[in-house]
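I'm opening a fresh page for this one. My plan is to look up the holes, the sheet and the charged pairs, and jot down what turns up.

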Amino acid sequence: MNNFVYDIPTRVYFGENQLENLGTELKKYGRRVLLTYGGGSVKRTGLYDKVVAEIKKAGLEFFELSGIDPNPRVSSVNAGAGICRKEHIDVLLAVGGGSVIDCTKYIGAATYYDGDAWDILLQKVPVEQCLPIITILTLAATGSEMDAGGVISNPETKEKLGLIFPPMQPKVSFLDPTNTYTVSAYQTACGAADMLSHIMEVYFNMNQDLQMLDGFMEVLMKTIIRYAPAAMKEPENYEARANLMWTGSWAINGFINGGKRQAWSCHPMEHELSAIYDITHGLGLAILTSRWMEYTLNDKTASKFHQFGVNVFGIDSCLPQMEVAKKSIEMVKNFLFHTLGLKSTLTEIGIDDSNFKVMAEKAVRGGTMYAFQPLAAEDIEKIYRMCL
């Protein structure tokens with residue numbers, strides 16, 4: 001087992017009516033606020049008015065950057081950083097889901113760099129400082145409200161890159177499950193697939209680590225499987241929304257990693273998909289995940305799939321190991337494509353094999369992806385083809 005460092009310095013206000021603490025938290029970092037958000041949903045739900053009221057009540061001055069897209073663009077990062085420099089912004093307030101929060105993180109970092117923010121994603125520029133970030137989460141999915149990572153797209157180069165920089169860790173996050181009541185069934189399903197993938201990227205690992213972490217991850221996965229369908233059927237089911245929201249944070253805030261050292265598989269593959277086709281991240285992950293599982297199942301890895309099937313889906317442990325392993329994959333497919341109702345193939349969403357070779361080569365960055373199973377470009381291309 002490897003040593004590790006655990007440090008999650010984000011303060012979380014969880015539950016209803018916590019926005020009364022927003023002004024106090026903002027004032028700790030200054031008096032000039034940049035409010036960032038996406039489309040019009042925060043205004044339609046009334047959340048925007050509540051946030052602005054708290055900012056004004058605290059006597060703070062605020063500026064806005066709206067229109068941040070899903071799969072956020074580097075152009076939005078550059079625009080936000082320009083506002084921050086021009087208006088001498090002290091603190092950033094992101095209101096939205098992972099796309100808004102990710103974009104805001106890079107705005108905070110790019111404020112200290114006069115060039116194109118894409119240089120940061122290309123790792124040409126070190127991120128040594130970042131404006132303080134406070135988030136108000138409206139979609140349970142990416143976990144960006146409680147980690148230091150973020151993913152940005154560049155439509156011009158057809159790239160989607162993600163990195164982790166400790167200075168981008170949010171200082172404070174407000175997690176009110178009622179703010180997710182208006183999330184559609186489709187986006188709830190995509191969010192569930194994203195959360196599940198975050199956990200599985202760590203869980204499927206042949207290295208020995210703390211057993212309690214495997215148990216923790218199994219409970220998180222069972223929570224998603226139980227509560228995602230409930231939230232889809234009853235959008236205002238507080239218990240379901242609360243469980244999903246808190247699970248999303250803990251799926252990727254670093255706790256479950258322990259001492260594991262392993263690259264991720266499905267996320268790099270999906271980033272290439274959405275970089276070119278601009279699909280919903282969670283949908284891409286859902287389509288890829290079960291095929292990746294099928295491709296990586298072998299005599300060496302079967303024991304992990306057996307553990308997963310028994311402890312997450314309750315499959316009879318007395319059945320032969322490989323039988324349990326294969327059945328667990330079928331149950332994942334059933335959950336993603338039948339229970340959640342997500343499309344099951346790339347063909348269904350209009351994607352053919354014309355870019356598979358290029359995508360596969362970019363996913364492995366010219367080498368081999370040392371993940372649950374080592375994957376070269378030709379392996380990635382085969383997995384893409386399994387998704388047609």
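Before counting holes, I need the term: a cavity is a set of grid points where a 1.4 Å probe fits but cannot get out. I also note up front that this is a predicted model.

**Entry 1: cavities**

How many cavities of 30 Å³ or more are there in the whole structure? My search of the whole structure gives 3. I went for the largest cavity, which holds about 70 Å³ of space. Its lining includes Leu139, Ala140, Thr180 and Val183, and Arg241, Leu244 and Met245 are on the list too. Two elements, α7 and α9, give two or more residues each to this lining. Which element gives the most to the lining of the largest cavity? That turns out to be α7, with 4 residues.

**Entry 2: the second largest pocket**

Next I looked at an open space. The second largest pocket has about 160 Å³ in it. Among the residues lining this pocket are Asn205, Met206, Asn207, Gln208 and Asp209, and also Lys260, Ser303, Lys304 and Gln307. Helices α8 and α12 (302–313) each supply at least two lining residues. The most comes from α12, which puts in 3 residues. I'm keeping Asp209 and Lys260 in mind, since both line this pocket and both come back in the entry on charged pairs.

**Entry 3: the sheet**

I traced the strands next. 6 strands make an open sheet, ordered β1-β8-β5-β4-β2-β3, with parallel pairing. Which strands stand at the edges? They are β1 (11–14) and β3 (61–65); each has a single partner strand, so one side of each has no neighbour in the sheet. From one strand to the next, the twist averages 20°.

Then I checked some pairings. β1 and β8 run parallel and share 4 bridges, and Phe14 has Leu175 in β8 as its bridge partner. β5 and β8 are parallel as well, with 3 bridges, and there Ile134 sits opposite Val172 of β8. At the β3 end, β2 (residues 32–36) is joined to β3 by 5 bridges, again in parallel. Leu35 faces Glu64 of β3.

Helices pack on this sheet, so I wrote down two of them. α4 (residues 74–87) touches β2, β3 and β4 (91–96), and its direction makes about 160° with that of β3. α9 touches β1, β5 and β8 (172–175), and its direction makes about 170° with that of β1.

Is β8 covered on one face or both? Both: Val172 and Phe174 are buried on one side, and Ser173 and Leu175 are buried on the other.

**Entry 4: one residue, Phe63**

I picked Phe63 in strand β3. Is Phe63 buried or exposed? Its relative accessible area is 18%, and buried means under 20%, so Phe63 counts as buried. Leaving aside residues up to four places away in sequence, Phe63 touches Arg32, Val33, Leu34, Leu35, Ile83, Glu87 and Ile89. I also took a distance to Gly150, 87 residues away along the chain: the two C-alpha atoms are 23 Å apart.

**Entry 5: charged pairs**

Side chains of opposite charge can pair when their charged atoms come close. Over the whole structure I find 18 salt bridges.

One is Lys105 with Asp147, where the closest N and O atoms are 2.7 Å apart. This pair links distant parts of the chain, with Lys105 in helix α5 (residues 98–110) and Asp147 in the loop between β5 (133–137) and β6 (149–154), 42 residues apart. Lys105 and Asp147 are both buried.

Back to the pocket pair: Lys260 and Asp209 form a salt bridge, with the closest N and O atoms 3.2 Å apart. Lys260 is in the loop between α9 (238–250) and α10 (266–277) and Asp209 in the loop between α7 (185–203) and α8 (211–233), so this bridge ties together parts 51 residues apart in sequence. Lys260 and Asp209 are buried too.

Glu330 and Lys333 meet in a salt bridge at 3.8 Å, N to O. They are 3 residues apart in helix α13 (residues 321–339), so about one helical turn separates them. Glu330 is partly exposed, at a relative accessible area of 45%. Last note: Arg11, Glu25 and Lys28 are joined into one network by salt bridges that share partners.

Note on methods: Residues are numbered from 1 along each chain as its sequence is written. This is a predicted model: local features need pLDDT of at least 70, side-chain atom pairs count only at pLDDT 80 or more; totals for chains, interfaces and linings use all residues. Side-chain values use heavy atoms; hydrogens and water are left out. A salt bridge is a side-chain nitrogen of Lys or Arg within 4 Å of a carboxyl oxygen of Asp or Glu. Buried means under 20% relative accessible area, exposed over 50%, partly exposed in between (1.4 Å probe, protein chains only). Two strands pair if DSSP finds at least two bridges between them. Axes are lines fitted to C-alpha atoms, for helices over the stretch in contact, and angles run from 0 to 180 degrees between N-to-C directions. Contact means heavy atoms within 4.5 Å. On a 1 Å grid over the protein atoms alone, a cavity is a set of points where a 1.4 Å probe fits but cannot get out, and a pocket is an open set with protein on both sides within 12 Å along at least five of seven lines; lining residues have an atom within 4 Å of a point. Grid points are joined across faces, edges and corners, and a volume is the space filled by probe spheres set on the points.
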